[in-house]
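Here is a short briefing on the pockets of one protein model. Please have the structure open as you read.

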Amino acid sequence: MTARFQFQLAATDGRARTGVISTPRGEIRTPAFMPVGTAATVKAMMPESVRATGADILLGNTYHLMLRPTAERIAALGGLHRFMNWERPILTDSGGFQVMSLSGLRKLTEEGVRFSSHVDGSKHMLTPERSMEIQRLLGSDIVMCFDECPALPATEAEVAKSMQLSMRWAQRSRDAFGDRPGHALFGIMQGGVTRDLREESAAKLREIGFDGYAVGGLAVGEGQEAMFGVLDYAPGLLPEDKPRYLMGVGKPDDIVGAVERGIDMMDCVLPSRSGRTGQAWTRRGAVNLKNARHKDDPRPLDEACTCPACRNYSRAYLHHVVKADEIIGSMLLTWHNLHYYQDLMQGLRDAIAGQRLAGFVADFHAMRAAGDI
Ligand SMILES: CNc1nc2c(CC[C@H]3O[C@@H](OC)[C@H](O)[C@@H]3OC)c3nc(N)[nH]c(=O)c3cc2[nH]1
Ligand SMILES: [Zn+2]
C-alpha cells in the first residue's frame with residue numbers, strides 16, 4: 001500500500017503505453033477506462049458489479065454533488081468513498097464543463113462562474129478555489145483543475161481567450177489545492193483544434209506542474225477525424241512520465257485510436273447511458289436490442305463474453321425486458337457494456353505489453369467489419 005500517488009510505465013508500443021498508477025486506495029492499470037458515477041452511483045450498477053467488470057477507478061462530478069446532496073453533507077457522512085460504498089480510487093471532474101452544459105442563467109467572469117441549479121434553480125458560484133474545496137470535501141483521489149471548455153462553434157480568438165482563462169484558473173487551482181500527499185491534481189489542456197494554442201496551453205501547464213495531465217476540449221462535437229488530428233500531436237506535448245487523460249471519450253473505436261496515440265486514461269457515459277436505451281456494444285459492433293429481429297433469437301448477445309447477461313440470457317429475453325422497459329434490462333446491458341469496455345482495455349494493455357498492438361488493432365477493426373451481429 002503506497003502513501004503516494006505515482007505512475008510507473010511498464011511498456012510502450014509505438015506511442016502507446018501501458019503501466020500502473022499507484023494510489024493509497026489501490027492501483028489503476030493503464031490504459032484505463034473509468035466508468036462514470038456522476039451522482040455517486042454508476043447508474044443501474046451496484047459498486048461490487050462495477051468492480052466485477054474490471055474497473056479500478058470510477059468518476060464522480062463536482063457539479064452534480066455540490067447541488068445534491070452537497071459536498072458538505074457527503075463530508076459529514078465520511079466522504080464520497082464511504083457514501084457510495086466504493087473504496088477504490090475516485091476521480092472527480094471540477095464542475096466547469098457541466099455548468100456550461102447543464103445549468104441555466106450562467107455568468108462567466110475572471111472570478112468564476114455564477115449559475116442557477118438545474119435541480120431547483122438555486123444560485124451558486126464555482127471558482128477554482130471553491131472547486132478544490134468541494135473535491136477535497138468529497139475526498140476524491142484525483143482532482144481536476146477548474147477549467148472552461150468552450151462550446152462549439154467557437155472562433156480561434158474565442159478559443160484562445162477561453163484557454164488563457166483556463167490557464168489562469170489552473171494556477172489558482174494549483175495554489176488552492178495545496179500539498180496533499182496521496183492525492184493528485186490534474187491539469188487540463190485546452191486550445192480547441194488549433195496547434196499553437198494547444199502548445200501554449202501545454203507549456204503553461206508544465207510550467208505550473210501537475211501529477212497528471214488531461215486533454216480537454218475534445219469530444220464536444222468536433223468529430224473523430226478532428227479529434228484524432230489533435231491527438232496526433234497533443235499527448236506528445238505532455239510529460240512522458242505522467243498519466244495522460246482524454247476526457248469524455250468515447251466509442252470503442254475512439255478509445256482504440258486514442259490509446260494508439262498515447263492516451264492512458266479515458267471516461268465516457270456511453271456504455272452506461274446506451275445500456276439504459278437498449279444498446280449493446282460488442283466485439284462485432286453495436287447491437288440495438290429494441291430491434292424486432294431479436295424477438296425469437298435464443299443465442300446470447302456475444303457467445304465469447306463472460307458477463308452475466310451473455311452467460312445467462314438470450315437475445316430474445318434481452319429484447320423482451322428492453323421493450324417492456326423492465327429495470328433488469330438496464331442492469332444487464334449496462335453490466336455487459338462496462339464488461340466489454342474493460343475487456344477491450346485489458347486486450348489493449350496485454351497487446352502493448354506484448355509489443356503486438358498493431359495486430360490487435362487490425363483484428364479489432366476486422367471483427368467489426370465482419371457484420372452479422
Ligand atoms: C463527453 N465529452 C466531453 N466530456 C468532457 C468533460 C466532462 C467529463 C466529465 O463529464 C462526466 O460525464 C457526463 C464525467 O463524469 C466526466 O467526469 C470527469 C470535460 N471536463 C472538463 N473539466 N474539461 C473538459 O475540457 C472536458 C471535455 C469533455 N468532453
Ligand atoms: Zn456480455
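What follows covers the two largest pockets and their linings.

This is a predicted model, in which local features need pLDDT of at least 70, side-chain atom pairs count only at pLDDT 80 or more, and totals for chains, interfaces and linings use all residues. Residues are numbered from 1 along each chain as its sequence is written, and side-chain values use heavy atoms, with hydrogens and water left out.

**Largest pocket**

- The largest pocket holds about 700 Å³ of space; a pocket is an open set of points on a 1 Å grid over the protein atoms alone where a 1.4 Å probe fits, with protein on both sides within 12 Å along at least five of seven lines.
- Its volume is the space filled by probe spheres set on the points, which are joined across faces, edges and corners.
- Lining residues (an atom within 4 Å of a point) number 31, and N61, F97, Q98, D267 and V269 are the closest to the centre.
- Two or more lining residues come from each of β5 (58–61), α5 (96–102) and α11 (270–275); helices (H or I, at least four residues) and strands (E, at least two) are DSSP runs numbered from the N terminus.
- The largest share, four residues, belongs to α5.
- By type, the lining has 13 nonpolar, twelve polar and six charged residues; Ala, Val, Leu, Ile, Met, Phe, Trp, Tyr, Cys and Pro count as nonpolar, Asp, Glu, Lys and Arg as charged, and the others, Gly among them, as polar.

**Second largest pocket**

- About 280 Å³ of space lies here, and among the 13 lining residues R283, Y340, L344, F360 and F364 lie nearest the centre.
- Both α14 (327–353) and α15 (357–369) give two or more residues to this lining, with α14 giving the most, five.
- Seven lining residues are nonpolar, two polar and four charged.

Note on methods. Chains lettered and ligands numbered in written order.
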